[in-house]
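Hi everyone, thanks for making time for this. Let me put the model up on the screen, and then we can walk through it together.

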Amino acid sequence: MKCAYACHSPEHRIARRGFLAGVAASAAGAAVGGLGVFTSPLAAAQLARSGKRIVVFNMHGGLSQLESWDPKPGTETGGPFRSIETSVPGIRISELLPETAKQMHHLCLVRGVNTSEDDHGKGAYMMLTGRRQSPAADYPYLGAVCAKAMAPADAPLPGHIIITPGGGGGRGNDAAYLGPRFASIALGNGKPPHDTTRPSQIDESADQARNRFGQHVNDRFLSRRRTSIAEAYVYSFDQAAKLMREREAFDVTRESARDQERYGNYDLARHCLLARRLLERGVTFIQISHSNYDTHNENFNFHIEQLGEFDHAFSTFVADLAGRGMLDSTLIVVLSEFGRTPNINLYYGRDHWSRAWSVVLAGAKIHRGVAYGKTNAKGTEVLDGQVDHANLFHTYLQAVGVDSTESFEIEGRDMPIADPASRMIKAVMA
Amino acid sequence: MNSLAPTIPKGFDPKQAHVVAQWKADHPLVSCRFDPAGRYVFCGVEGSTVERFNLADGKRVSFPGGHESWVFALAFSKDGSTMISGGGDGRLVAWEANADRPKPLRTTEAHSGWIRALGTSPDGKLLASGANDRLVKIWDLATGKQVHALAGHKGHVYSLEFHPDGKTLLSGDLQGELAIWDLASGKRAGTLDARPLHTYEGGQQVDFGGVRSIAIPPDGRFIAAGGLYKASNPLGAVHEPLVLLYDGKTQKKVRDLLTDNITGGVIWRIRFLADGTLLGGCGGSNGGLLLFWKTDANKDQHRLALPNILRDLDLHPDGLRVASAHHDRHVRITRLAAKTA
């Protein structure tokens, strides 16, 4: 694919409707990607100053809203758990989240989510791209959008990191038209990115020599044929070199013994501490996946197990960010691909339910200590404050200062950052 | 047969087992127990009450106001006058079992987490409770005072059973550890390995299974632990029922009690019948089943399909009737004998 900016014309990077403003933006920031891609120079400047970040907790499989953020105790759909008071009078959550309840004054519960999509893959796509999946178009995931819109181009660490519960590392295929340099880097079970240590059979001088040679060849190639793929190729080498220098950023054992003990000796706890470490080193977007909430069978047993892990690690993380003054600049999102059915099935399970469920926000410009939206007594329908994936996607970005009504310029075309037919949830913005 | 062996009731024939009665509650059922006098069957439901059904006429009486969660476990004083319910609220509630308008007599905040199992000692003096806080607690049944708190389980306590000798108590947990406790000292007296009943599924990152039920015949010849195995998809209810049978004296495993063609099932409760047959109550995607094993064979020798998925069972003091709790809100009474005219 030939990239339009192979003609070296900087204005091609700017969305047409923001042409004049964009000239200033790209003049101010000559980098490809990063803040220079914005149509609004004001937004870029604001972001550069603020160093905003997003952390997403992806509750893989579909967290039950009834066992977490929107309990209905004493009803036929409520299940066996009680609700408990939180640090905000009048807001109650499930007894499975006792430590999180103490952090409620930092949180915003969005209880009226209706995404009308009960398929895992499609639901996850919607929640992380803000768009419904379509064969006609592919959209970048939130992390890629953040990496492009918010991450400084010269950042030593990647702007889009996913910490997975297990498995390997590698890069994701989640940046769509933004290009592979904004795709996620996965830290399989919190381990550093793959291939970030120098092979033992190559000494440092040999390594430097081959890197110099590689750079020379790359520069020569790019001077003649600049393409997005070639650029991403070069970028990936540059990034790999940076990662090798910054490898200890991924080593959570370098955090204090006290902090490691406070978080706990289990995977999600380590992943949360790692996320804090990476945020402090300037990573723009981190997604932590916690598995598995797809509880068609024995929903209650599995939610005791999973939320027991989540409650301690998440609440410690929220309290830490607040205590370190990072919550003003960091948006925390707790989402799933959907919620779970109010109906309890034959196997004590709950199935997929997207018509009335909950997402949690915290930090940045989000109102704190509030519950927005309401479901009916059995939790089957939204009564008030109904929102969907597109509203939420706008809200995530607006909360960290990205004007989600803006567009990216891609190959001379305006590509709206978020669904232009939707808008943010104003009521949750402080 | 030794002197401890029960008398085989007249007409007893599990192969002729058939449902003789069913009564409906307002919610799906989660637990059921006969009272020692054999007049009633009590049921925990997907609600906060206990429901009592009179075996003579099916008349139902609710026991409200004791719990804020489902009642997973039930036990009785030896004379049957007091019923104890154990709930997901960690609460033990004592009730007058025969009351027309039952009210809680005594409430004890017993555990932090679900109470999953209760039992009464053979002499009727002690009550044992097992819970999600990984503790087994022994209580003076008459006064409600705690006698022992038995710590050491690494997972939620799913089941318990007093040994018929009255000296020890067995408790089983999610991780497949079957602990033997000395009742006099409150110390661990031994451990049986029931880990085949536990699955850690790496892909789904979940612990699953556990010792769902323990049974010991009156002569103490065997110890049986029931649950599930082959949990290839715990979140999707794909697993098979399994009972581990141990020698009661040597505590060595004798054999696995298995089934054919049940790919969705878990043993919720096991009981030894008067002739030594082991009865298992099985629920899952294969429906509700009563499974009958001889202890000298690996596969069930007989099974009875019930009309709906099963979640618990109990054996009547007459040794002839079985109660089963079902998702379709019914408690069913099955008679282990031929139909009468």
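Let's start with a pair of residues in chain B: L310(B) has H326(B), in β29(B), as its bridge partner. The two strands involved, β28(B) and β29 (residues 321–326) of chain B, run antiparallel and are joined by 5 bridges. A quick word on terms: strands and helices here are DSSP runs numbered from the N terminus, with at least two residues (E) for a strand and at least four (H or I) for a helix. Two strands pair if DSSP finds at least two bridges between them.

Before going on, some housekeeping: this is a predicted model, local features need pLDDT of at least 70, side-chain atom pairs count only at pLDDT 80 or more, and totals for chains, interfaces and linings use all residues. Residues are numbered from 1 along each chain as its sequence is written, chains are lettered from A and ligands numbered from 1 in the order in which they are written, and side-chain values use heavy atoms, leaving out hydrogens and water.

Back to our strands. They belong to an open, antiparallel sheet of 4 strands in chain B, in the order β1-β30-β29-β28. Which strands stand at the edges? They are β1 (18–24) and β28 (310–315) of chain B; each has a single partner strand, so one side of each is left without a neighbour in the sheet. On average, neighbouring strands in this sheet are turned by 20° against each other, direction ignored. For that angle, axes are lines fitted to C-alpha atoms, for helices over the stretch in contact, and angles run from 0 to 180 degrees between N-to-C directions.

Chain B has another open sheet to show you, with 4 antiparallel strands in the order β10-β11-β12-β13. Its edge strands are β10 (115–120) and β13 (146–150) of chain B, each pairing on one side only. Here the average turn between neighbouring strands is 15°, direction ignored. Within this sheet, 5 bridges join β11 (residues 126–131) to β12 (residues 136–140) of chain B, and L127(B) stands opposite W139(B) in β12(B).

Now over to chain A. Chain A has 11 helices and 16 strands, and 58% of its 430 residues are buried. By buried I mean under 20% relative accessible area, with exposed being over 50% and partly exposed in between (1.4 Å probe, protein chains only). A nice example is helix α5 (residues 142–150) of chain A: 9 of its 9 residues are buried, so the helix is largely enclosed by the rest of the structure. Among those buried residues are C146(A), K148(A) and M150(A).

M150(A) also turns up among the residues touched by K52(A), along with T284(A), D328(A), S329(A), A399(A) and V400(A), not counting residues up to four places away in sequence. Touching, or contact, means heavy atoms within 4.5 Å. K52(A) is in the loop between α2 (41–50) and β1 (53–60) of chain A. Is K52(A) buried or exposed? At 16% relative accessibility, K52(A) counts as buried.

Another charged side chain to look at is R340(A), in strand β9 (residues 339–340) of chain A. R340(A) counts as buried, at 0% relative accessibility. Its side chain makes a polar contact with the side chain of T295(A) at 3.4 Å, and the side chain of R340(A) also reaches the backbone oxygen of R350(A) at 2.9 Å. A polar contact is a pair of N or O atoms within 3.5 Å; within protein, one must be able to donate a hydrogen and the other to accept it, and residues adjacent in sequence count only if both atoms are side-chain atoms.

Last stop, the interface. How much area do chain A and chain B bury between them? The answer is about 2400 Å², 54% of it on carbon and sulfur atoms. Buried area is the accessible area (1.4 Å probe) that two parts lose on being put together, summed over both. On the chain A side, R82(A), L346(A) and Y348(A) supply 26% of the area that chain A buries against chain B, more than any other three residues. The contact takes 24 residues from chain A and 33 from chain B.

R82(A) also forms a salt bridge with E68(B), the closest N and O atoms being 3.6 Å apart. The count between the two chains is 2 salt bridges, where a salt bridge is a side-chain nitrogen of Lys or Arg within 4 Å of a carboxyl oxygen of Asp or Glu.

As for Y348(A), one of the residues touching it is V30(B), which is found in strand β2 (residues 29–34) of chain B. V30(B) is buried, with a relative accessible area of 5%.
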